[in-house]
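Here are my notes on the model you sent round. I went through them in the order I'd look at things on screen, so have the viewer open.

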Amino acid sequence: MSAGRGRGPLLLTGAAGAVLALAAGAPTWVTGSVPTAIGTAAVVATGRDGAPAATALALVSLAAVVASTLGRRLARTVAALVLVLGGAGTVLASLAVATAPQDALAAPARAASGTTGAVLAGEPSVRPWPVVSAAGGALVLVAGAGVLLRSRRWAREGDPAATSTRHERDATRLRTAPAPGEDPAAAWDSLTHGEDPTR
């Protein structure tokens with residue numbers, strides 16, 4: 001498998017995971033109700049409200065996917081590390097809402113009740129979107145780990161950036177090679193044949 005073909009599927013996986021996590025942040029993740037002075041009020045939290053870190057990290061991961069297609073080996077390594085950390089952070093932030101949904105509703109509950117110590121009436125209801133967002137983060141994590149582990153092999157298999165660097169080194173070596181007139185062996189050969197090497 002060539003370097004370009006190996007990198008392409010991984011980057012597509014990372015991009016798909018980041019887009020999936022971003023899309024999953026828009027719908028409602030958690031619903032509940034809170035007592036108020038006139039009864040009870042429904043409260044909801046979207047992914048962007050309940051887990052803003054997941055949305056932010058998904059955006060960062062998407063930018064890292066783009067960066068990894070443009071940079072050389074060092075830039076790809078940094079981008080891969082960002083993908084690993086961004087994917088892991090998205091998974092953790094998303095699952096935190098699934099395991100503790102009352103925390104995601106704390107701010108809307110305070111706003112609806114008008115009190116700082118608002119207590120939810122009953123158990124909140126969690127929709128599947130936190131798991132979808134976590135799945136997107138997992139895809140980003142896998143893609144970043146794949147790029148990180150395979151980038152060294154890609155460089156050996158004909159990575160365009162590595163090939164370009166190698167050609168530049170070869171050209172520099174050719175430019176710094178001594179000219180025939182500056183080569184001591186060539187000068188002695190000229191003297192042997194009765195020629196003046198200084199001309």
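How much of residues 78–98 is helix, how much is strand, and how far apart are the end C-alpha atoms? That's where I'd begin, bearing in mind that this is a predicted model.

1. Residues 78–98 come out as 100% helix and 0% strand, with 30 Å between the end C-alpha atoms. I picked this stretch since UniProt, in an unreviewed entry, gives it as a "transmembrane region", along with 51–71 and 129–149. Residues 129–149 are likewise 100% helix and 0% strand, and their end C-alpha atoms are 30 Å apart.

2. Now the sheet. It is open, has three strands in the order 2-1-3, and its pairing is antiparallel. Strand 2 (39–46) and strand 3 (125–126) sit at the edges with a single partner strand each, so one side of each has no neighbour in the sheet.

3. Have a look at how strand 3 is attached. Two bridges, antiparallel in sense, pair it with strand 1 (residues 28–36). Within that part of the sheet, Thr31 is found opposite Ser125 of strand 3. Helix 6 (residues 106–113) packs on the sheet too, where it touches strand 1 and strand 2, and its direction is at about 35° to that of strand 1.

4. Which residues make up the largest nonpolar core? There are 12: Trp29, Val30, Val34, Val43, Ala45, Ala51, Ala54, Ala93, Val97, Ala104, Leu105 and Ala109. Strand 1, strand 2 and helix 4 (73–99) are the elements that supply two or more of them. Strand 1 has the largest share, with three residues.

5. Val43 is a handy place to centre the view. Beyond its neighbours within four places in sequence, its contacts are Val30, Thr31, Gly32, Ser33, Val34, Leu105, Pro108, Ala109, Ala112 and Leu120. A second core, separate from the one above, has 10 residues, among them Leu11, Ala64, Ala80 and Val147.

6. Last stop, Val97 in helix 4. Is this residue buried or exposed? With a relative accessibility of 4%, Val97 counts as buried, because the cut-off for that is under 20%. Its contacts, again setting aside neighbours within four places in sequence, are Trp29, Val30, Gly50, Ala51, Ala104 and Pro130. One of these, Ala51, is 46 residues away in sequence, yet the C-alpha to C-alpha distance to Val97 is 6.9 Å.

How values were computed:
Residues numbered from 1 in each chain as written. Predicted model: local features only at pLDDT ≥ 70, side-chain atom pairs only at ≥ 80, totals over all residues. Heavy atoms only, no water. UniProt positions renumbered as here; feature names shortened; annotations may be inferred. Helix = DSSP H or I, 4+ residues; strand = E, 2+ residues; numbered from the N terminus. Pairing = 2+ DSSP bridges. Contact = heavy atoms within 4.5 Å. Axes fitted to C-alpha atoms, helices over the stretch in contact; angles between N-to-C directions. Core = buried A, V, L, I, M, F, W, Y, C linked by side-chain atoms within 4.5 Å. Buried < 20%, exposed > 50% of the residue type's maximum accessible area, 1.4 Å probe, protein only.
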